[in-house]
Amino acid sequence: MKEKILVTGGTGYIGSHTTVELQKAGYEVVIIDNLSNSNEAVLDGIEAITGVRPVFVKGDCTDLETLKKLFKENPGIKGIINFAASKAVGESVQKPLLYYRNNLNTLINLLELMPENGVEGIVFSSSCTVYGEPDQNPIDETAPIKPATSPYGNTKQISEEIIEDYVKSGAPIKSILLRYFNPIGAHPSALIGELPLGVPQNLVPYLTQTAAGIRKELTVFGDDYNTPDGSCIRDYIDVVDLAKAHVIAMKRMLENKDTAAVEVFNLGTGNGLSVLQLINAFEEATGVPVPHKIGERRAGDIEKIWADPKKANEVLGWKAEADIKDTMRNAWAWQCKVTEK
Ligand code: WQD
């Protein structure tokens, strides 16, 4: 009997790649998504890769009745992976209430409905943004949680606390909090990938759109940081590696009865790459130039952050495997696919 997993935000970037890996691991997937930042055609890509079209419910997780109906019509859901959230740092500063309402109400609704529907565990999509500007790198799970630098980051911190408090109150559920570093790339099939709406805020989609001629030039936001080449350093993790970590986390939570009720893992490669190094990696991997210039720093940017993935490697039994140049080639293949449409 296939274990049934609910993936909220499952037509989104990380959600769609995780759905593919869940199906490959033998899970049955139900997706709920309000399509505010994705489109239903992603289901075609998932089906083309795995041969299985996930059950899809168009709906908003901030509506409790919608979720009650979903659980009634899809009995037997054992686990949830919660991706459904607004995630643009800059937008969250402009529209904080939208972020608090969407990201927190979604989580609260899911948590409330888990016990009565027999759902045993929830994997939460968190972020390294909870650490703020680290005192030192690499950063592990014991690093202090710093005051959030954006409402988006604050929703991640508050969400983690909500889960901890709910479990402490005696709720019969478990949770694994996955703190992502910087997810990048696309599925090697080029059938699914990142579909940013409007002007991309994140580096890699802006970079590939520039390489494709959609954007005139990439601006490197500052080269006067205290780093070897002056540009910011991040831990860029391949989206398929990231997706695989979710499957391992779900399996651990549902099958391993003696783990702690709430566990936290940093998901990163353990290697820091600067913006300029990433541009260089893309150009070397694809042979495609990326017109770029140095511009002003972007407000709120952290200078450098990369993971110490030791706990995820040893406890979760997961390790990032993709080579950055393969990731760049996959990102480029996906961009070419999207551009040709
Ligand atoms: C990376 C680096 C920019 C665009 C945020 C969130 C994180 C996660 C990923 C959701 C920075 C530089 C970028 C550009 C540039 N969010 N850059 N020119 O800010 O590290 O992380 O997105 O999942 O939680 O905090 O990612 O890709 O925006 O920026 O120079 O046009 O690229 O300054 O140094 P970030 P990013």
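Domain bounds here come from an automatic or database domain assignment. The model you are looking at is predicted.

**Exercise 1. Locate the two domains and say how far apart their centres lie.**

Solution. Start with the residue ranges: domain 1 covers 4-184 + 237-267, while domain 2 covers 203-234 + 270-336. Each domain is thus written as two segments of the chain. Next, take the centres over C-alpha atoms; 24 Å separate them.

**Exercise 2. Work out how much area domain 1 and domain 2 bury between them, and which three residues of domain 1 supply the most.**

Solution. Begin with the contacts, counting heavy atoms within 4.5 Å: 27 residues of domain 1 touch 25 residues of domain 2. Then turn to area: the two domains bury about 2200 Å² between them, with 66% of it on carbon and sulfur atoms. Finally, look at single residues on the domain 1 side. Asn137, Ile184 and Asp241 supply 24% of the area that domain 1 buries against domain 2, more than any other three residues.

**Exercise 3. Find the polar links across the interface, then describe the side of domain 1 that touches domain 2.**

Solution. Try salt bridges to begin with: the rule finds zero between domain 1 and domain 2. Polar contacts come next, and here twelve residue pairs turn up, both residues at pLDDT 80 or more. Now see which elements build the domain 1 side: strand E7 (182-184), strand E10 (236-238), helix H8 (239-255) and strand E11 (262-267) each give at least two residues. H8 has the largest share, six residues. Last, sort that side by class: 15 residues are nonpolar, four polar and eight charged.

Key
Residues numbered from 1 in each chain as written. Predicted model: local features only at pLDDT ≥ 70, side-chain atom pairs only at ≥ 80, totals over all residues. Heavy atoms only, no water. Buried area = accessible area lost by both parts, 1.4 Å probe. Salt bridge = Lys/Arg side-chain N within 4 Å of Asp/Glu carboxyl O. Polar contact = N/O pair within 3.5 Å; in protein donor to acceptor, adjacent residues only side chain to side chain. Helix = DSSP H or I, 4+ residues; strand = E, 2+ residues; numbered from the N terminus. Nonpolar A, V, L, I, M, F, W, Y, C, P; charged D, E, K, R; others polar.
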